[in-house]
Structures are given as C-alpha cells and as structure tokens.
Amino acid sequence: MATATASGPMRLTGIGTLLRHRAVGKLVLLAVAAAVLVPIANARWASGAWPDALTVDLTSPLGRASDWIIDNRDSHWLFTYFLGHISNAIVISVRAVYLVLLAGGWAGVVAGAALVAWRVAGVRLAVLTVASFGVCGLLGMWVPTMQTLALMVVAVIAAVVLGMLMGLAAGLSDRIFRVLRPVLDTMQVLPAFSYLLPVALIFGVGVPAAVLATVVYAAPPMARLTALGLRGADSGVLEAVTSLGTTARQRLFSARLPLARKELLLGLNQTIMMALSMAVIASMIGGAGLGDRVYQALGTVDVGAALAAGIPIVLLAVVLDRVTGAAGERLGADAQGEALSPLRGRRGWSVAAVVTVAVALVARFAGRLEWPTSWTVDIVEPVNTAKDWMVDHLYTGVPVVGGTADWAAHFTTWVLDPVRDGLQDLPWWSVLLVVAALAWTIGTWQTALTAVLAMAGIGVLGVWDKSLDTLAQVLAAVAVTVVLGFAIGIATARSTRLERLLRPVLDVFQTMPQFVYLIPVVALFGIGRAPAVAAAVIYALPAVIRITTQGLRQVDGAAMEASRSLGATSWQQLRQVQLPLARPALLLALNQAVVLVLAVVVIGALVGGGALGYDVVFGIAQGDLATGMVGGVAIVCLGLMLDRVTQPTTRRDHGAGTKKGA
Amino acid sequence: MRRRTTALAGSLLLLTVTGCGAADMTKQASPYANAGGAKTVTLSVQSWVGAQADVAVAEYLLKHELGYRVDRVQIDEVPAWDALSQGRVDAILEDWGHPEQEQRYVKDKKTITPGGDLGVTGHIGWFVPTYFAKKHPDVTDWKNLNKYASQFRTAESGGQGQLMDGSPSYVTNDKALVQNLGLDYKVVFAGSEAAQITQIEQFAKENKPFLTYWYKPQWLFEKVPMTEVKLPAYKEGCDADLEKIKCAYPHTPLQKYLNTDFAENGGKAAAFLKNFKWSEADQNEVALDIADRKMSPQDAAKKWIEGHEPTWREWLPK
C-alpha cells in the first residue's frame, strides 16, 4: 500500500527554540483563560462528569425521524422521485457488471484481467493476476468474488467521479478549496461504522446502501489528490501554455489534468484500497459477496471459513494496488520501451480485447462458465485445527510467562481500568483544558478550538462516560502500537533483509478484513476490552512500522555521515541524529496509529469492547437510530479531537490523500 | 478524460433506462437475484446457527427439488424486517417475536405476510454450566445467585459477578433484571454470538464457573451442557414495562414471515416455505453439524435430508 511518506525538512535548532517559546506563550494564555473560566463553570455546574444541565436528549427527535422515514419511504416524493432512482441506478449498474462477469465465465474474466494487467503494468503483474484469481476459484469463492468485484467496480467509479468533481472544483477555485478542506478532513476521520446506520435506514439494507457507504468512505482521497495535482502543476509549463493563447478550458484539459496524471492515479489507487476495506464492514448492512461470507463464518466461529473468504479480498487488494501502482510508475517512463514494441498503444489494447472475447466464447461453447467444483481446495479444516492448537496451548497455564488469557486479564486490570477510571474521574472542564493545551501547542488556535468543540459536543450528546471509556481503550492501544511500531520500524530501517521479510506480512495485515482476526483474538484473550485493543494493535501496527521505516531511511545521508565521522556509535546515531531528524515522520506515524486504532476499537465492540462501538452496533442491529446515531456522532467527535491533537497543523498538506487508507 | 465522459453518459443512460417516473421503493430486489435466467429466492439468515440450519435445508430443497437458485443475505433481525418489506429478501424463516414490526409491516402496511409456525419453540434464559450446577445445586435459583457472585467474577466485571450477554441484536432485559432483582452482577456484552460461544467453550474447557444469557434450541448444549437458572416465573404482560421488569423470558413459538408480493406470486417456492415445519431435534442435528463439526451448511443439510425424506416430502407443493 502506498503509505503516506514523510519528507520533512531538517529542523534548525533556532526555529526549534522559537517554537518552544511560542508554545510556552500559548500555554500561559490558556492558563490565564482557565483561571477565569474554571471557577465560573465550577460554581454553576460543579465538577465531576459532564453536567446534565448541558446535555441535549436527541432520543425522541431521532426516533421520530426514523419513524417518518419508514412510514414515508414508499410514498413521499423525496424517495420515489429522487432517492429511489439513485437506488435503482445502483442496482442496475451492479447487476450489469455482475452479468458481464458471469457471461465472461471464469476463463473470460481471468483472461480479461490478466490482459489488462499486462497492458497496464507488464507481464509479471499479469502472472500475479492470474494466480490471484486462480486462488479465489480454488478456495471455492468464485461467485462471491465476482459479486464483490461488481460492487467494487460500481462503487469505485462513483467515488472517482465524485472525488474528481470535488477535486476539480477545489483545484480551480481557492474559495471552494477552503470550504471543502474541513469537509474532506471530517470525511476522513469518520469511522465508516458511524454512517452505516443512516444510509441503511434511508435505502434499506442491501447493495445500494453498501455502495453508497463505500462511496462516502472512498471518495475523499480522490478529491484531495485531484486538487493537489491541479494546484501543484508546474507553473512554467502553465505559463508556456497560456502564452500560446489557450482558453482556461483548453489549459485544463491539455496541460493541467495531464500534468496531474500521477496524482490522479494515486488517487484511484487509494480509492480502490479504501473501497475494498469497506467490503466487509458493508456486509453488516447487506453488502453480499465476500464480505458477507466472512461475516457469516464469524456467526459460527469458523475462522477457517472466514479466512477462505478473507484471502480473496486480500488478493483483490494486492492485485489492484500493484496494477494501479505500476501504472503510475510507468507514466512517462513508458515512452521509449513501449515505442519499440509491436503491440504498443491501441493495437495492444485491441489484441487484449479480442483475446478476452475469444477466451470467453470458447469457455461458453465448452460449457465451462462456472468454476469447476472439483477444482477447489478446502483450507477450512486445517486452519481450524491450527487455531484450536493455538488456543489449547497458549490460552492459559504456559509456564513462567503465563497464558494469553492471563495477559489479557492483567492488561484489563492494570492498564485499561486505571486509565478509564482516571479519565472518568477527571472534572469535565479539566479534560477540555488538556485537549486545548495539546492541540494548541502543536497547532493553531483554530485546531485547538475544533478539538475542544468536538470534545464538548460529546458531553452535550450525553455520552461523556462512554466516550472516555472508548478514549481509554484508544489511548492504551495507541501506546502499545507506537511502542511496538517504533521498535520494529527502527529494526527494519537498519536491515533491508528484515524489511523484505516483513513486507508480505504487513501487506496481509493491512488488507485482511478486521473481522477475520476478531475470533482468533477472542479465542486467545477472551471477551472484553483487551481483545478489542489487541485487534486494533494488529490493524494499526503495519502502517506505523512502514512510516517509521521510511522516515528513518530518508534521514539526510550527509548528517548520518557527519555523525559517523565524529565517532558516534550506532546507538548514539539513532538517538541523536536519526530519531530527531525523522520527527515529522514519527509524528505522522502517531497520527496514523490514532486514526486506525479508532476505526478498529469500534469494531472491537463485536468482541466485548463495549462503550461507543457497542451503541453503534446496537443501533444497526435494532434499527435504533437514536442510540446508533448518537454513538456514531460521538465517535466522529472523538476522531476529530484525536486527529487535531496529534497532527501538527503545518504538516497538514503532506500525506493528505493517504491518511486513513495507509 | 474519455473515461469520465463515458461514466457521465453511462449514468445519464441509466437514468433514462430507469425511467423518470416514480421509483417503487417496495420492489428493491438484490442485483444478484435471478441472474443468468435462474429463478432466485433470497433468504435472510440471522447470525445464530439455528437460523442457518433452517436456511441451509430450505436452500438445498429449493435447489434440488424445485430448481431455484438461493441467495442468502445475513442481516440482523430488525433490519431484516425492513428488507423483507422492501422485497430485498423474500423470507425470514425464524423470527423470535417483534410486536412493533409486526404491527407496522403486517397489520398497517401489509407488505409482509405471516408464513406460519416454524415448529420450533424458542426460550431465552440464564444458564450455568451443568458441571457447576451439580456441585452447587442451589445456584439454579436466582435468589442464591448473590452467594456465588465472587465465583463468577472476571477482569471485565470488576468487583461484581459477570453475567455474559451476547449480540446486541438479541432481545434482552438483563440489565433491568439485574438491577430490579438486586443482584450483585455486571452485565458484560460479548458483542456477538461468535465471541460469546468462543468464551463459553473456553470456560468449559477449564471447568470454570460462568453465568450467561443463552437460548434454546441451541446446538451448543450438546457440547457444553448447561442448566437454566430459575428466574421469577413469566406471566403474560410482566415484561411490558422494562423499568420494572422482574420476571423470566417467555417461551416463543418461532414464526416465518414472507414478503407479501412473494407470498402471492412466488409460486412453488412460496408454497414450499409456508409448508416448511420441523422439530427442535431436527434443527439441532443440522445446527450441530454446521457449527461444531464444521460441515458446510450444504453438506449438513444434505445429510439431514437424506435421513428424513418423509418429513420434507410433506413440504413440497403438489
């Protein structure tokens, strides 16, 4: 996966001191404000948890809204003339793609995919594509894979169109850019979970809702990268084009968009990745396909079957990522090599199309449209045996170190409980104060204000205690992730061999649907908050490792050389040169850890994480808009707050499109 | 650029194809339904294995005896009612009682039609493992539960005993019950049935005591024998006010529901689903094969179907 890269400039010590001075100034100002405001707040509403007087109960209005939707869905013009058509259009498009895939038969689909990969990215990736699709078939997952693919095609096209339109507007107009930026920011910190419920309520459970939820989730990177590409276009080239007397429209199509091709492709790549990661979550609202198989397997605690459906998702992700990635790299580079090939340009594509159709027809006449049932391999049995062995031998009573269940219990009593109780015992205003202080020291007063308002919003919604419970889980998980991630990241930065060894493992963990490892996690750690934290750590760790490694690797060679010549040991080098210079990257890694952990801790409600995640799951399961929405909005507020507190504002433009998707 | 124009043209075309008239929100079949000329029935599956067993057997017979293709969609109970009313799914085979939805969709909107009894009676209750109940026979009365609270303690329940609840989609009054009966327990939600089963099996493996919300019929009883804890007896209407509730859960004969349109025009498939009725023992046999012996639902259904021909012959429409 293309992770956000951190390429921070070297920080001069002078600036560092100045910054520190400014931070002190901010804190002093804040302390003065607090000294005035806190006694007033204290006198009026007393300390302790968020005061009841300042909450708003949304249960009855939200309940009424949900009833209104259900009662009017079949008759009101909003639905019959607008939303209904959107829903129908989605159903028809998904169906069209699905029918084409079915008509091509497995042979036609494999041939078509391989040829596209070959044209776009070369022979090696074509082979990878064939192998991946082959494995999907071998696992007996051909039909669900096609269903997921059909859904993905439609969702990705919609997300790309939507994202490009937003990106074009933002790229061409400064005002729209300013308006759109906070919107995109918010869309990216929203955990997907939180908007499943409203979408499902309006469109009903099923494919349209799943597609729309996926589009909301996947469009922001496309929008951001389109805007970035348009804004970053080489001014020299643009001036040259302008001097030729072109109109603004011509300039856009002949110069600005082509110049932004790399960003556009990266945007496509990110959009595909994020859409795929939604495949399983969307199955909670009837998304069908592979995600649904994973979800159903979990109902029977069948890790083997969940894995059999999870692997095709990983493979689809790997193939699509590599192919779009390679397409981006070959842009510009393909001019010479390609020119010599007899199959260049349009001719190559026609050959690909003809071969695909031919293969599909042959398969059709041979009556071999469906994947042959005898060509399947059953991995369910061995995987479950392996899981049982692990559980039998690791769960408890391992000499000296204790079993995994004991660790989980200790983690809960010694870490999670104290952190949660501590947070919940803090007077509410002091929590706001800490948030303000943190956000302001690393950002501007605007970020601080957003963070404080987000936190206050949680209180107003009346879910203060639950949110602090979730916050405690997030903090614990982030701490574990960052410690492990930095340690492993430092190790991989120093050894290329280790990095190569870890790469496929990280790939798998980043793309494997989180649902797949929830059950093994329960089997090892029991139910409760500890397994939810463990699942979050597993999910967030790869991104942190990657960003750390990259950041350390990119440290200026001259600085390293200089320190070595001064006789620094490798430990001193790491501590005094590499780590300080890679600070921006490390901060980005921290921010990523926060965002990713938050996304999974919510899903952790499925294994007993409780708190806000449970409210959202409960809302979806019971069709209870009030509980679900309040939980969802509180998660969004928490996400915004954590994002602002961990993301230095000056770095905001970097890594823009690649957040959450890392 | 060309791709974008095509996409735009494509969406315009779609709008024209769908027509500019009113869209019917009550006819929203799945895009995967009836693909390739097959007649399709879409069944909703709930997360518990009993429901999966119903669907597996119905699916097998629909496929092999009546020539339908069956799509399964996993949805939680309340959203499933909604999907049923929209025609996204054709039938729910196992409903545990949703009076509010029944009023709205069956009586008021008439988009859903009752499909009769499934033949299985469901019951929710609190259970302790039988190995523990044998050692301490008095634990099976709720009045003595406080005595054992310390033995049911876990890291997650803090100083109190743990009462383990399952998926958020299940009907539960446990929080209110614990409070109203003055029990020294904390309700801990496992969050999903999968997590709950895993935890129960884990406890059983170590012979540890535990107290859990659970329901019958359920295959897990074959693997981990559990004894019900007696709660104050259920009386009609005693569960009307959740704030004051102090009684056990009722026994519910499980119901089937069909989409009205499907019930009227669904031909043999609809007739078959209305006739479908089997016993708890039958359901458990299939459920155990699926969940514990890890057979695929198809194989488990096939095995049962081969052994019980007289039962299912009755269901096929003449």
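Helices (H or I, at least four residues) and strands (E, at least two) are DSSP runs, numbered from the N terminus. With that in hand, let us work through some exercises.

This is a predicted model, in which local features need pLDDT of at least 70 and side-chain atom pairs count only at pLDDT 80 or more, while totals for chains, interfaces and linings use all residues. Residues are numbered from 1 along each chain as its sequence is written, chains are lettered from A and ligands numbered from 1 in the order in which they are written, and side-chain values use heavy atoms, with hydrogens and water left out.

**Exercise 1. Place A:Ser66 and describe its surroundings.**

Step 1: find the element. A:Ser66 sits in helix H2 of chain A, which spans residues 59-72.

Step 2: judge the accessibility. Buried means under 20% relative accessible area, exposed means over 50%, and partly exposed is in between (1.4 Å probe, protein chains only). A:Ser66 has 7% relative accessibility, so it counts as buried.

Step 3: list the neighbours. Contact means heavy atoms within 4.5 Å. Leaving out residues up to four places away in sequence, A:Ser66 touches A:Leu201 and A:Leu625.

**Exercise 2. Describe how helices H4 and H5 of chain A meet.**

Step 1: recall the general approach. Two packed helices are described by the angle between their axes and the distance between the axes.

Step 2: get the geometry. Axes are lines fitted to C-alpha atoms, for helices over the stretch in contact, and angles run from 0 to 180 degrees between N-to-C directions. The axes of H4 (residues 123-138) and H5 (residues 142-172) of chain A come within 7 Å and cross at roughly 125°.

Step 3: name the arrangement. Angles under 35 degrees count as roughly parallel, over 145 as roughly antiparallel, 65 to 115 as roughly perpendicular and the rest as oblique. H4(A) and H5(A) are therefore oblique to each other.

Step 4: find the residues that touch. H4(A) contributes A:Phe133, A:Cys136 and A:Gly137, and H5(A) contributes A:Trp142, A:Thr145, A:Met146 and A:Leu149.

Step 5: sort them by class. Ala, Val, Leu, Ile, Met, Phe, Trp, Tyr, Cys and Pro count as nonpolar, Asp, Glu, Lys and Arg as charged, and the others, Gly among them, as polar. The contact of H4(A) with H5(A) has 5 nonpolar, 2 polar and no charged residues. One of the contact residues, A:Cys136, is buried at 1% relative accessibility.

**Exercise 3. Find the disulfide and describe it.**

Step 1: apply the rule. A disulfide is a pair of cysteine sulfur atoms within 2.5 Å. Over all chains, the count comes to 1 disulfide.

Step 2: name the partners. B:Cys238 and B:Cys247 form a disulfide, with sulfur atoms 1.9 Å apart.

Step 3: give the handedness. The angle about the S-S bond is 85°, and the link of B:Cys238 and B:Cys247 is right-handed.

Step 4: compare the two ends. B:Cys238 is partly exposed at 24% relative accessibility, whereas B:Cys247 is buried at 5%.

**Exercise 4. Sketch the layout of chain B.**

Step 1: count the elements. Chain B has 14 helices and 9 strands.

Step 2: look at burial. Of its 318 residues, 56% count as buried.

Step 3: divide the chain. Domain bounds come from an automatic or database domain assignment. For chain B, this assignment gives domain 1 (15-121 + 252-313) and domain 2 (122-250).

Step 4: relate the parts. The C-alpha centres of domain 1 and domain 2 of chain B lie 30 Å apart. Across the boundary, 17 residues of domain 1 of chain B are in contact with 14 residues of domain 2 of chain B.

**Exercise 5. Examine B:Glu65 and its neighbours.**

Step 1: locate the residue. B:Glu65 is in the loop between helix H2 (49-64) and strand E2 (69-74) of chain B.

Step 2: check its accessibility. B:Glu65 is partly exposed, with a relative accessible area of 35%.

Step 3: compare sequence with space. B:Glu65 and B:Leu316 are 251 residues apart in sequence and 8.1 Å apart in space, C-alpha to C-alpha.

**Exercise 6. Find the unusual backbone at B:Pro217 and B:Lys110.**Step 1: recall the usual pattern. Most residues other than glycine have a negative phi, and most peptide bonds are trans.

Step 2: inspect the peptide bond. A cis peptide bond joins B:Lys216 and B:Pro217, with omega about -5°. B:Pro217 lies in the loop between strand E7 (211-216) and helix H9 (220-223) of chain B.

Step 3: inspect phi. B:Lys110 has a positive phi, near 55°, in a residue other than glycine. B:Lys110 belongs to the loop between helix H4 (99-108) and strand E4 (112-129) of chain B, and is exposed, with a relative accessible area of 55%.
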